[in-house]
Amino acid sequence: MTPKNGMININHPVIASRLSNEIMPDTIKFLCGAAIFRNPEDNILPFPKNTINFTTTHDGSIDIEETSDSYAGMIGFNFGEGRVIICTDQGIFRSLDLLIDGEKIPVTIHDPECDNADLFLNSIRWLAKLQ
């Protein structure tokens with residue numbers, strides 16, 4: 001996910017507000033998860049417009065359940081006096097290496113080619129109302 005492909009919402013306060021002068025997250029690895037939606041302005045990691053939600057039917061075939069321009073993989077919003085972040089990728093902030101053909105491949109938070117660690121830090125700061 002990148003700002004260029006529209007899958008990082010640079011206007012969401014989790015992304016836009018930072019305590020340091022760090023650069024804007026450029027690449028977030030989102031490897032698995034479901035689509036969620038609430039309000040479009042809540043989207044931190046929006047999915048592309050016209051994303052399709054498929055469902056398996058009783059006979060095992062796949063059918064289109066619904067489509068939306070507002071699906072996301074991660075949302076954040078104020079709720080009462082607090083804040084909430086929901087992310088559907090269970091491993092977006094994990095530290096894991098895959099071993100493929102003898103090559104160790106970093107996955108997500110410690111991958112030097114992604115900014116998942118920055119997203120984690122921004123998320124914690126935003127939830128704690130430090131930004």
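Buried here means under 20% relative accessible area. The close-up views below are all taken from a predicted model.

**View 1. Surroundings of S68 in strand β3.** S68 belongs to strand β3, which covers residues 62-68, and because its relative accessible area is 17%, S68 counts as buried. Its side chain reaches the backbone nitrogen of S70 at 2.9 Å. When residues up to four places away in sequence are not counted, S68 touches P48, K49, N50 and T51.

**View 2. Strand β4 between its pairing partners β1 and β5.** Strand β4 spans residues 72-79, and six of its eight residues are buried, so this strand is largely enclosed by the rest of the structure. Strand β1, made up of residues 43-46, pairs with β4 in the antiparallel sense over three bridges, and within this pairing P46 stands opposite A72 of β4. Strand β5, residues 82-87, also pairs with β4 in the antiparallel sense, here over six bridges, with I75 standing opposite I86 of β5. The strands β4 and β5 form a hairpin that leaves two residues between them, and in its turn G80 has a positive phi of about 60°.

**View 3. Helix α2 and the elements that cover it.** Helix α2 comprises twelve residues, 116-127, which at 1.5 Å a residue should span 16 Å, and this agrees with the 16 Å that separates its end C-alpha atoms. The buried residues of the helix are N116, L119, N122, S123, R125 and W126, and what covers them includes α1 (13-16), β1, β4, β5 and β7 (103-108). Just after the helix, K129 takes a positive phi of about 60°.

**View 4. The largest nonpolar core, with M1 as one of its members.** In soluble globular proteins, nonpolar side chains tend to be buried together. The largest nonpolar core of this model has 15 residues, and those with the most contacts inside it are M1, I28, I44, L45 and L119. The elements that give two or more residues to this core are α1, β1 and α2. Not counting residues up to four places away in sequence, M1 touches M7, I8, D26, T27, I28, F30, L45, P46 and F47, so that I28 and L45 appear both among the contacts of M1 and among the core residues with the most contacts.

**View 5. The salt bridge between K29 and D111.** Side chains of opposite charge can pair when their charged atoms come close. A search of the whole structure finds two salt bridges, and in one of them K29 is joined to D111, with the closest N and O atoms 2.4 Å apart. This pair links distant parts of the chain, since K29 lies in the loop between α1 and β1 whereas D111 lies in the loop between β7 and α2, 82 residues apart. K29 is partly exposed, with a relative accessible area of 26%, while D111, at 5% relative accessibility, counts as buried.

**View 6. The salt bridge between D42 and R38.** D42 forms a salt bridge with R38, in which the closest N and O atoms are 2.7 Å apart. With a relative accessible area of 6%, D42 is buried, whereas R38, whose relative accessible area is 37%, is partly exposed.

Notes: Residues numbered from 1 in each chain as written. Predicted model: local features only at pLDDT ≥ 70, side-chain atom pairs only at ≥ 80, totals over all residues. Heavy atoms only, no water. Buried < 20%, exposed > 50% of the residue type's maximum accessible area, 1.4 Å probe, protein only. Helix = DSSP H or I, 4+ residues; strand = E, 2+ residues; numbered from the N terminus. Pairing = 2+ DSSP bridges. Expected span 1.5 Å × (residues − 1). Contact = heavy atoms within 4.5 Å. Core = buried A, V, L, I, M, F, W, Y, C linked by side-chain atoms within 4.5 Å. Salt bridge = Lys/Arg side-chain N within 4 Å of Asp/Glu carboxyl O. Polar contact = N/O pair within 3.5 Å; in protein donor to acceptor, adjacent residues only side chain to side chain.
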